[in-house]
Amino acid sequence: MSGLAINDITKKFGDFSAVDNVNLTVPHGTFVCLLGPSGCGKTTLLRMIAGLEEPTGGAIVLDGDDITALPTHKRNLGMVFQSLALFPHLSVGDNIAYALRIRGKPKEEQRKRVEDLLALIHLPDFADRPVAKLSGGQRQRVAIARALALSPKLFLLDEPLSALDAKLREDMQVELRQLQQRLGITTIVVTHDQREAMTMADLVVVMGKGKILQAAPPIEIYRKPADAFVADFIGITNLLPIETDGAGRATVLTAVAGLSLPAGMSKASLSIRPEDVGVAAPRSGALTGTVSFVRDLGGTIETFVDVGGTTIIAVATPRERPNVSVGQSVGIVLPPESCVVLKP
Ligand code: ATP
């Protein structure tokens, strides 16, 4: 297969499994985001793909070749890490050309490649600028160009945008995705920002405790999360506990949504995204509660409703704004087609 295959990869530090028997297939040209809470094994997995960490078991196969034992410099990778590690005493052009120079490429080839890469990252005419005189976003782009200088087969980035402020970070996410699409290069990015993952990825890989919990396109992860942990990690969701009564019937929350518990499950969570929850007149919805807070963020309005001690959040656009205030009794509409029953 053309692309990357990670087969039964494990990394143990002493008795602790930082990455636990992970399998992943990444077709050529795919943009993958490894996502998960701190300590779940994202960086360790990326470092094993890069050859910076030796797996305890398993194999890494790139375009059909087993590269598990190959040293990093023979893997044909481009890498960008959070620290960027640009050479501060060199110009932008010399930073980008660095790998070409140490491989003895002719001067003219170096110049042409630097020119092409600078055009690609929207910094033409920057070749002679010292890197010390670049803004944060410009440094980021130069680090990306430098990593791409040797036209790698695989592009690996570890939290590449985390040092940037929120606005610049969002712009760079779009830019990085557009660049990757133009080049068609297989790319793997470690992030713990779910919005970043949703912006850039073809395939989001959600990890927890060294294992892959779900690997799927972003919208599938959002709409059909594998379990309550994934649902809560990707975007905002309302997670409502569902328990069966003594007679095996699901309690009110499932009954009203017209859902049933899968066979053999006595406990589950109902997940519904805030934008799918409707606010209506009391007793006209599936549930009735009391408005506890209203947050008007300009573009969206969030209504917090207390239903027997559980807070349900409904999000609306200004056009569909519910006319409610704190303390008011309201009905909650839970469209069955938007409700997902998940393992708790
Ligand atoms: P973060 O988002 O905080 O960077 P991460 O998901 O990238 O986290 P890793 O850095 O891969 O997590 O670490 C996974 C686990 O392995 C953590 O519990 C970490 O403490 C442990 N770990 C990583 N490197 C080593 C090491 N060299 N020796 C011992 N334990 C390690």
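How many aromatic pairs does the count come to? The legends below, drawn from a predicted model, take up this question in the last view.

**View 1. Residues around the ligand in the predicted model.** The ligand is surrounded by Phe13, Phe16 and Ala18, by the run Pro37, Ser38, Gly39, Cys40, Gly41 and Lys42, and by Thr43 and Thr44. By residue class, this shell divides into five nonpolar residues, five polar residues and one charged residue. At least two shell residues come from strand E2 (16-27), and at least two from helix H1 (42-50). Helix H1 gives the largest share of the shell, with three residues.

**View 2. Side-chain contacts of serine 38, lysine 42 and threonine 44 with ligand oxygen atoms.** For serine 38, a polar side-chain atom is placed 2.6 Å from an oxygen atom of the ligand. In the side chain of lysine 42, an N or O atom lies 2.8 Å from an oxygen atom of the ligand. The corresponding distance for the side chain of threonine 44, again between an N or O atom and a ligand oxygen atom, is 2.5 Å. The ligand taken alone exposes 630 Å², of which the protein buries 58%.

**View 3. An open sheet of five strands with antiparallel pairing.** The strand order in this sheet is E13-E17-E14-E15-E16. Strand E13 (278-280) and strand E16 (310-316) each have a single partner strand and stand at the edges, so one side of each lacks a neighbour in the sheet. On average, and with direction ignored, neighbouring strands of the sheet are turned by 45° against each other.

**View 4. Pairing of strand E14 with strand E17.** Strand E14 comprises residues 287-296 and strand E17 comprises residues 329-333. The two strands run antiparallel and are joined by four bridges. Which residue of E17 is the bridge partner of threonine 290? That partner is serine 329.

**View 5. The aromatic pair of phenylalanine 229 and phenylalanine 233.** The count of aromatic pairs comes to three. In the pair formed by phenylalanine 229 and phenylalanine 233, the ring centres are 6.0 Å apart and the ring planes stand at 10°, so the pair is stacked, given that planes under 30 degrees apart count as stacked. Both residues belong to helix H8 (residues 228-233). Because phenylalanine 229 and phenylalanine 233 are four residues apart in this helix, about one helical turn separates them.

Note on methods: Residues numbered from 1 in each chain as written. Predicted model: local features only at pLDDT ≥ 70, side-chain atom pairs only at ≥ 80, totals over all residues. Heavy atoms only, no water. Pairing = 2+ DSSP bridges. Axes fitted to C-alpha atoms, helices over the stretch in contact; angles between N-to-C directions. Near = heavy atom within 4 Å. Polar contact = N/O pair within 3.5 Å; in protein donor to acceptor, adjacent residues only side chain to side chain. Areas by Shrake-Rupley, 256 points an atom, 1.4 Å probe, with all protein chains shown as cover. Nonpolar A, V, L, I, M, F, W, Y, C, P; charged D, E, K, R; others polar. Phe/Tyr/Trp six-rings, centres within 6.5 Å; stacked < 30°, edge-to-face > 60°.
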